[in-house]
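Here is a quick briefing for anyone opening this structure for the first time. Take a look at the sequence and the model, then read on.

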Amino acid sequence: MLTPAPMLASPLPLLLLLLCRMCLCQYSSDQCSWKGSGLTHEGHTRDVEQVYLRCSQGSLEWLYPTGAIIVNLRPNTISPAAARLSVCIKPSAESSGTNVYLDRNGKLRLLLREQDQTQGKVHCFSIKEGALFIEAVPRMDISRRITSFQYELVSDRLGAEAHSLSAPCQPCSDAEMLLAVCTNDFVAQGNIKKVEQEEDHSSVTVEISRLYRQKTQVFVSGGVRVRSWTGHIKMPLHCGVKSGEGDFLFTGTVRFGEAWMGCAPRYKDFLRLYHEAQQQGNNPCHLETD
């Protein structure tokens, strides 16, 4: 969860923003990923470069940061649904040299201090909260300083909540369950083999007997002659998930290569719901259940 914005300790970020509003900015073209160097700012440490990233996912790498950059994260299509998107960023464990703010109409809110980035944790915020204002921490020696992170644009419900330690654990409604089958990154039938508690989440080891869909290979096949898969799905720690008998329908999202649990009804309960909706013509999509 994002904490309230602290007061800025230095007027430098505001000064750089003011200079940018006065058109003393450089501009980068639209792309999915960006790699730049602060060495190009040498002698122009007050320049602010505007970077536009217009993909659902990508990365940023800023070598030897000096001055500041403004990173505008936007979808590559214009749609009313774009206002309901969240942005999730995951700094690399070696990321350093900058503080990261949210910039909304010239007002800055601290998102990540330099020392916070090395934890490599995912941080999410609504796309309506503004662009990223990334300011270099002033140093005499900027060598070996690299700011780098991955980003993804996701729906609000699957963004901040999915990576929040206080994400809701209540069962999905019937409508949410049917929609999850059509829209989630993975849909699979299987059982829970083991649950392990890690620092801030639970890791659920699952064995899959039927794999309907997976966006990326989060479930690994047991072999050519074995029709089964295994994998790990993450859940908030406070959900208190336990291993148990019986089959479930696992659905959820893949964020930065990791599977996060969404709806997970008992498979028999899902079949009953699905067949009832099928008879009423209310299924949003077709799933082969035979």
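## Disulfides, helices and strands

A disulfide joins Cys-182 to Cys-285, with 2.0 Å from S to S. Keep in mind that this is a predicted model. In total, the structure holds four disulfides, and the notes below walk through three topics: the cysteine links, two helices and some strands.

**The Cys-182 to Cys-285 link**

- Cys-182 sits in helix α3, while Cys-285 is in the segment after α4, so this pair links distant parts of the chain, 103 residues apart.
- The link of Cys-182 and Cys-285 is left-handed, with -95 degrees about the S-S bond.
- Neither end is fully tucked away: Cys-182 counts as partly exposed at 23% relative accessibility, and Cys-285 counts as partly exposed at 26%.

**The Cys-172 to Cys-263 link**

- Cys-172 and Cys-263 form another disulfide, and their sulfur atoms are 2.0 Å apart.
- The torsion about the S-S bond of this pair is about -100 degrees, so the disulfide is left-handed.
- Both ends are in loops: Cys-172 lies between β11 (146-155) and α3 (174-183), and Cys-263 lies between β17 (258-261) and α4 (267-280), with 91 residues separating these distant parts of the chain.
- Cys-172 is buried, with a relative accessible area of 16%, and Cys-263 is buried too, at 5%.

**The Cys-88 to Cys-124 link**

- Cys-88 and Cys-124 form a disulfide with their sulfur atoms 2.1 Å apart.
- Here the link is right-handed, with 105 degrees about the S-S bond.
- Cys-88 lies in strand β6 (residues 85-91) and Cys-124 in strand β9 (residues 123-126), so the pair ties together parts that are 36 residues apart in sequence.
- Cys-88 is buried, with a relative accessible area of 0%, and Cys-124 also counts as buried, at 10%.

**Helix α3**

- Which residues of α3 are buried? They are Met-177, Leu-178, Ala-180 and Val-181.
- Looking down the axis of α3, its buried residues fall within an arc of 155 degrees, so they line one face of the helix.
- Ala-175 and Thr-183, on the other side of α3, are exposed.
- The buried residues of α3 pack against α4 and the strands β12, β13 and β16.

**Helix α4**

- α4 has 14 residues and reaches 20 Å from its first C-alpha to its last, close to the 20 Å expected at 1.5 Å a residue.
- Its buried residues are Tyr-267, Phe-270, Leu-273, Tyr-274 and Ala-277.
- These buried residues cover an arc of only 125 degrees around the axis, which puts them on the same side of α4.
- Turned away from that buried side is a face of α4 with the exposed residues Lys-268, Gln-279 and Gln-280.
- What covers the buried residues of α4? The cover includes α3, β12 (186-197), β13 (201-214) and β16 (248-255).
- Just after α4 comes Gly-281, which takes a positive phi of about 70 degrees.

**The five-stranded sheet**

- Five strands make an open sheet in the order β2-β4-β11-β6-β9, with mixed pairing.
- At the edges are β2 (34-37) and β9, each of which pairs on one side only.
- From one strand to the next, the twist averages 20 degrees.
- β6 and β11 run antiparallel and are joined by seven bridges.
- Ile-89 has Tyr-151 in β11 as its bridge partner.
- Recall that the β6 strand and the edge strand β9 also hold Cys-88 and Cys-124, respectively.

**Strand β7 and its partners**

- Strand β7 (residues 98-104) is mostly covered, with six of its seven residues buried.
- β7 pairs with strand β10 (residues 131-136) in the antiparallel sense, over six bridges.
- The bridge partner of Asn-99 in β10 is Glu-135.
- How many bridges join β7 to strand β8 (residues 107-112)? There are five, and these two strands run antiparallel.
- Across from Tyr-101 you'll find Leu-110 in β8.
- The hairpin of β7 and β8 has two residues between the strands, and in it Asn-105 takes a positive phi near 55 degrees.

Technical notes. Residues numbered from 1 in each chain as written. Predicted model: local features only at pLDDT ≥ 70, side-chain atom pairs only at ≥ 80, totals over all residues. Heavy atoms only, no water. Disulfide = S-S within 2.5 Å. Helix = DSSP H or I, 4+ residues; strand = E, 2+ residues; numbered from the N terminus. Buried < 20%, exposed > 50% of the residue type's maximum accessible area, 1.4 Å probe, protein only. Expected span 1.5 Å × (residues − 1). Arc of directions from axis to C-beta. Contact = heavy atoms within 4.5 Å. Pairing = 2+ DSSP bridges. Axes fitted to C-alpha atoms, helices over the stretch in contact; angles between N-to-C directions.
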